[in-house]
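Open the model in a viewer and keep a selection panel at hand. The stops below go from one helix to its neighbours and then to the loops.

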Amino acid sequence: MSDWDTVTVLRKKAPKSSQLKTESAVNQARRQGVAVDTQQKYGAGTNKQHVTTKNTAKLDRETEELRHDKIPLDVGKIIQQGRQNKGLSQKDLATKICEKQQVVTDYEAGRGIPNNLILGKMERVLGIKLRGKERGQPIAPPGKK
């Protein structure tokens with residue numbers, strides 16, 4: 001026999017793991033008596049890191065029992081008056097406190113969520129207290145009381 005008479009047998013590719021996991025493949029393996037181990041992993045196929053919790057959903061709905069705090073409207077008026085007394089536009093004030101103009105606009109309109117860092121920056125630039133019981137009072141220079 002020569003090399004021309006021998007036959008080379010090519011085998012089929014092994015099935016992919018996704019094909020082995022189909023319901024028909026599992027049933028066929030059971031019929032043939034092959035041991036089949038099936039497991040369902042907890043949370044498989046879901047992206048759990050982006051699931052919102054109940055509290056954030058409640059905050060988004062802003063119901064009476066759970067809502068974001070807003071800047072009081074009187075504080076917004078104090079910011080606006082102090083800014084106008086210094087001759088600053090909203091954009092100028094935002095530039096001086098290193099924030100966006102939209103932040104200043106929201107604070108003046110009473111829509112902003114209070115942030116003590118931003119309020120502190122505004123107090124220093126405007127020279128007016130925006131927090132506590134003495135709202136609207138000028139800030140005394142350091143050393144004088």
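Contact here means heavy atoms within 4.5 Å. With that cut-off in hand, what covers the buried residues of α4? The cover includes α5 (90-96), α6 and α7 (116-126). The model is a predicted one, and the tour returns to these helices after a look at the whole.

**Whole chain**

Colour the protein by secondary structure. Seven helices and zero strands appear, so the order from the N terminus reads α-α-α-α-α-α-α under the DSSP run assignment. Of the 145 residues in the protein, 21% are buried. Taking contacts between residues at least 6 apart in sequence, 41% join residues at least 24 apart.

**Helix α4**

Select residues 73-85, which form helix α4. This helix has 13 residues and spans 18 Å from its first C-alpha to its last, close to the 18 Å expected at 1.5 Å a residue. Now show side chains for Val-75, Gly-76, Ile-78, Ile-79, Gly-82 and Arg-83, the buried residues of α4. Look down the axis of α4: these buried residues fall within an arc of 160 degrees, so they line one face of the helix. Turn to the face away from the buried side, where the exposed residues Leu-73 and Asn-85 are carried. Just after α4, Gly-87 has a positive phi of about 75 degrees.

**Arg-83**

Stay in helix α4 and pick Arg-83. Is this residue buried or exposed? Its relative accessible area is 8%, under the 20% cut-off, and Arg-83 is therefore buried. Beyond its neighbours within four places in sequence, Arg-83 is in contact with Leu-88, Ser-89, Gln-90, Leu-93, Glu-108 and Leu-126.

**α4 against α6**

Add residues 101-109, helix α6, to the selection. The axes of α4 and α6 come within 6 Å and cross at roughly 125 degrees. That angle lies outside the 65 to 115 degrees counted as roughly perpendicular and is not over 145, so α4 and α6 are oblique to each other. On the α4 side, the contact is made by Leu-73, Gly-76, Ile-79, Gln-80 and Arg-83, and on the α6 side by Tyr-107, Glu-108 and Ala-109. Sorted by class, the contact of α4 with α6 has four nonpolar, two polar and two charged residues.

**α6 against α7**

Keep α6 and bring in α7. At what angle do the axes of α6 and α7 cross? They cross at roughly 90 degrees and come within 12 Å, which means that α6 is roughly perpendicular to α7. Val-103, Val-104 and Tyr-107 of α6 meet Ile-118, Leu-119 and Met-122 of α7 in this contact. By class, the contact of α6 with α7 has six nonpolar residues, no polar and no charged ones.

**Two loop residues**

Select Pro-72, in the loop between α3 (54-61) and α4. Pro-72 is partly exposed, at a relative accessible area of 33%. Measure from its C-alpha to that of Ala-109: the two residues are 37 apart along the chain, and the C-alpha atoms are separated by 9.0 Å.

Finish at Cys-98, in the loop between α5 and α6. Cys-98 is exposed, with a relative accessible area of 65%. Check its backbone as well: Cys-98 has a positive phi of about 60 degrees although it is not a glycine.

Notes
Residues are numbered from 1 along each chain as its sequence is written. This is a predicted model: local features need pLDDT of at least 70, side-chain atom pairs count only at pLDDT 80 or more; totals for chains, interfaces and linings use all residues. Side-chain values use heavy atoms; hydrogens and water are left out. Axes are lines fitted to C-alpha atoms, for helices over the stretch in contact, and angles run from 0 to 180 degrees between N-to-C directions. Helices (H or I, at least four residues) and strands (E, at least two) are DSSP runs, numbered from the N terminus. Angles under 35 degrees count as roughly parallel, over 145 as roughly antiparallel, 65 to 115 as roughly perpendicular and the rest as oblique. Ala, Val, Leu, Ile, Met, Phe, Trp, Tyr, Cys and Pro count as nonpolar, Asp, Glu, Lys and Arg as charged, and the others, Gly among them, as polar. The expected span of a helix is 1.5 Å times one less than its number of residues. Buried means under 20% relative accessible area, exposed over 50%, partly exposed in between (1.4 Å probe, protein chains only). The arc is that of the directions from the helix axis to the C-beta atoms.
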